[in-house]
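Biologist: Hey, got a minute to go through this one with me? I'd like to put a few quick questions to you.

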2 protein chains.
Amino acid sequence: MKNTRPAAKAAYHHGNLKAALIEAADTILRDHGIEGFSLREAARRAGVSIGAPAHHFGSATGLLTEVALLGYESLGQALSAVRPTDDPGADLQQLALAYVGFALAHPGRFRLMFRPDLVNRDDPRYGLASTAALTGFATAIGRRKGGMAEIFMVWSSVHGMANLVLDGKAKYLFDGALPEDFVAHILPDLLAEAWPFGARSGPQDRS
Amino acid sequence: MKNTRPAAKAAYHHGNLKAALIEAADTILRDHGIEGFSLREAARRAGVSIGAPAHHFGSATGLLTEVALLGYESLGQALSAVRPTDDPGADLQQLALAYVGFALAHPGRFRLMFRPDLVNRDDPRYGLASTAALTGFATAIGRRKGGMAEIFMVWSSVHGMANLVLDGKAKYLFDGALPEDFVAHILPDLLAEAWPFGARSGPQDRS
DNA sequence: TTTTCATCTATACAGTGCTCAGATAATCCA
DNA sequence: TGGATTATCTGAGCACTGTATAGATGAAAA
């Protein structure tokens, strides 16, 4: 077995520094947001010198890219937790709720995932993770061929909702509503009443 | 006339430093994006010492808040340049095009406007500017009473489109489309074909 | 055991936002 | 007019950041 973890005396070689730094960064994002993150603080939390992360990630962007990839993974899980029923419109509403719910539950992760200055978009895994997370939408929208326009529209809609609520814009429209209320009560009503993508008819067939 | 501009010999008192710094910051945003901005660089461009901006704006956030307010103003102008016709659905499509077009034409401004860590959301002018810019949407949606749900949905949709295109996500869906092509050709087609808010029927009346 | 290699430390550099004492110029006031 | 007040800006300094580099340390390979 490869489990040569020292764990007793602090080894010179950390042994699992890469994973420890990723987790430290993710924790910082959770507790203090993106602006609370610094490469040095992550190194501090991992109990390692300030130059150590460079060996594993090259730069701060390298580390944050890994965190963003994990973020897309967890978003994908949140979306695929919505099990499809025989009502595709209701499924889409649930997916929308899951998307916004994820953004509000993990604002640091979510914001990082869409910060092109902090993640390395040239990393081939980034595009893959990004599209993989949206598989839930694609299948719920149903049509396997074509359908890109609809996917874009639905994604735009839920992404816009998530960003606006996260940025506190919703409170200008729905006076003083707290984010917790929003995902628990306001948003479900909004989706049921005024969200065209979740309507009973489904995507209209333009033949 | 108050135009006591020295302009010849560099005065100790700049005379118009506040406006000069705002313009310098806006220029940096235009040329090098948000990550290219620094308070010191703005001071440098205004030909003034690094501590000077503090007197007028207090902090970097203070300066960027002014730039963001200008951004909302220019967004409002871009939206109100869309003159209403007798087809409210077509008007909404034009507004959507104007919104996304603004984001792509002024990415630095647009991104700043929605960066809560860089602008002072407690500034009372911020909420005013934010809602004022959306007057175009509100009137186009028509119903003066109620309607907040529809405004939120439309805003979310266009805001999501703007962000996704700006972040290069659209190219994963529409393979390799350039941003210029997007607002010129792809988006109008998308809006006409797959955007439910711009449909002929208008907001359905749920009585 | 000896060599090689990956890993991590220590230090240094350039850049940042912010603070504060003091210099400078414009303005107000008698 | 002349003196005092006020707004404006400078210059230096502090704490912090990301990154680069030389060297120390331990593990693994030969």
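Biologist: Which backbone nitrogen does the side chain of Asp87(A) reach?
Modeller: That of Gly89(A), at 3.1 Å. Keep in mind that this is a predicted model.

Biologist: OK, and where does Asp87(A) lie in chain A?
Modeller: In the loop that runs between helix 4 (60-80) and helix 5 (88-105).

Biologist: Is Asp87(A) buried or exposed?
Modeller: Buried, because its relative accessibility is 18% and the cut-off for buried is under 20%.

Biologist: Switching to the DNA. How many residues surround strand C?
Modeller: There are 20, and the closest are Ser49(A) and His56(A) from one chain, plus Leu39(B), Arg40(B) and Arg44(B) from the other.

Biologist: What part of the strand do they come up against?
Modeller: Of the DNA strand C atoms that come within 4 Å of the protein, 65% belong to sugar and phosphate.

Biologist: Which side chains in chain A have an N or O atom by a phosphate oxygen of DNA strand C?
Modeller: His55(A) has one at 2.9 Å, and His56(A) has one at 2.5 Å. Ser49(A) uses a polar backbone atom instead, 2.5 Å from a phosphate oxygen of the strand.

Biologist: And which helices supply at least two residues each to that surface?
Modeller: Helix 3 (52-57) of chain A and helix 2 (39-45) of chain B.

Biologist: Last one: how do the residues of the surface near DNA strand C divide by type?
Modeller: Ten are polar, eight nonpolar and two charged.

Technical notes. Residues numbered from 1 in each chain as written. Chains lettered and ligands numbered in written order. Predicted model: local features only at pLDDT ≥ 70, side-chain atom pairs only at ≥ 80, totals over all residues. Heavy atoms only, no water. Near = heavy atom within 4 Å. Polar contact = N/O pair within 3.5 Å; in protein donor to acceptor, adjacent residues only side chain to side chain. Helix = DSSP H or I, 4+ residues; strand = E, 2+ residues; numbered from the N terminus. Nonpolar A, V, L, I, M, F, W, Y, C, P; charged D, E, K, R; others polar. Buried < 20%, exposed > 50% of the residue type's maximum accessible area, 1.4 Å probe, protein only.
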